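Open the model in your viewer and keep the selection panel at hand. The stops below go one by one.

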Amino acid sequence: MHIFYSYVSTLYVIDVFNYQFCVVYRKGDSSFPKNPDGTMQYDYIDYKETWKAMERLVEKGLVKAIGLSNFNRQQINDVITAATIKPAALQVECHPYLAQNELIGHCQKNGIIVTAYSPLGSSDRMWKAADEPVLLEDAAIKTIANEHGKSPAQVLLRWQVQRGVVAIPKSVNAARIAQNLQVFDFALTEDEMKTVGNLNRNWRYIVPKIVVDNKSVFRDALHPHYPFNDPY
């Protein structure tokens, strides 16, 4: 779950409480329990039941809004159909290599705010593959950045802003954090927006893998609630 909270009087009130992932693992001492063959040990709790429990947090005044993360279109529809309180937001991996156009359109049609995690491609993560494309080094992004006197990261964030998506880049560097906020003093042209949008290749950086039978496979792809088997 993702939690964002504010301090009110002497109590913490959560601003947005996101349902992180609809795949559930078997309860026990390990956060990610495995079978002897390396596959995961799952539970099969209906995500709509979890959503109902989250609604009770809002009703009790402990949470202001509740949202989803890493849900596909059909799962979002399932939640909306069963919900008393509609999801306020959907948080998903989103960047020019994974534009998520259809999913964003579906959310905006239903009044759901889309938040993009890994909007810069998360090239600093520990499990980065040696042969994967590096978004911040894309030639088209660099060209646009040079035209505006901005960094590639600022171009990527501005692209999200102009398409109505909230971007949440991660950094521990104070200068980069400040730079990431400086995206409201310029705008991409219509042609530049199209150029960035045309980079889409449906490439996911943030998909955990495990080794089974000496092969690297998507960790949760066999779970019936795995959201990324559907196109969006």
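The tour visits cavities, then cysteines, then one helix.

**Before you start**

This is a predicted model. Residue numbers start from 1 along each chain.

**Stop 1: the largest cavity**

How many cavities of 30 Å³ or more does a search of the whole structure find? Two. Begin with the largest, which has a volume of about 70 Å³.

Select Asn70, Phe71 and Asn72, then add Val92, Gln100 and Leu103; these are among the residues of its lining. Now add Arg204, Pro227, Phe228, Asp230 and Tyr232, which also line the largest cavity. Color this lining by class: six residues are nonpolar, three are polar and two are charged.

**Stop 2: the second largest cavity**

Clear the selection. The second largest cavity holds about 30 Å³ of space. Pick Gly121, Ser123, Lys128 and Glu132, which are among its lining residues. Pro133, Val134, Leu135 and Tyr205 belong to that lining too. By class, the lining of this cavity splits into four nonpolar, two polar and two charged residues.

**Stop 3: the cysteines**

Show the cysteine sulfurs. How many disulfides does a search of the whole structure find? Zero. A disulfide is a covalent bond between the sulfur atoms of two cysteines.

Select Cys22 and draw a distance to Cys107. Why is Cys22 not bonded there? The closest cysteine sulfur to that of Cys22 is the one in Cys107, and at 14 Å it is too far for a bond. The cut-off for a disulfide is 2.5 Å between the sulfur atoms.

Move to Cys94. Cys94 is in no disulfide either. Its nearest cysteine sulfur, that of Cys107, lies 10 Å away.

Switch on a surface. Is Cys22 buried or exposed? Cys22 is buried, and its relative accessible area is 0%. Cys94 also counts as buried, at 0% relative accessibility.

**Stop 4: helix α7**

Select residues 190–197, which form helix α7. Which residues of α7 are buried? They are Glu192, Met193 and Val196. Turn the view to look down the axis of α7. The buried residues fall within an arc of 100°, so they line one face of the helix.

Now look at the other side of α7. Glu190 and Asp191 are exposed there.

Last, show the neighbors of the buried face. Add α4 (139–148) and α5 (152–162) to the selection; the buried residues of α7 pack against both of these helices.

Key: Predicted model: local features only at pLDDT ≥ 70, side-chain atom pairs only at ≥ 80, totals over all residues. Heavy atoms only, no water. 1 Å grid on protein atoms, 1.4 Å probe; cavity = no way out; pocket = protein on both sides within 12 Å on 5 of 7 lines; lining within 4 Å. Points joined across faces, edges and corners; volume = space filled by probe spheres on them. Nonpolar A, V, L, I, M, F, W, Y, C, P; charged D, E, K, R; others polar. Buried < 20%, exposed > 50% of the residue type's maximum accessible area, 1.4 Å probe, protein only. Helix = DSSP H or I, 4+ residues; strand = E, 2+ residues; numbered from the N terminus. Arc of directions from axis to C-beta. Contact = heavy atoms within 4.5 Å.
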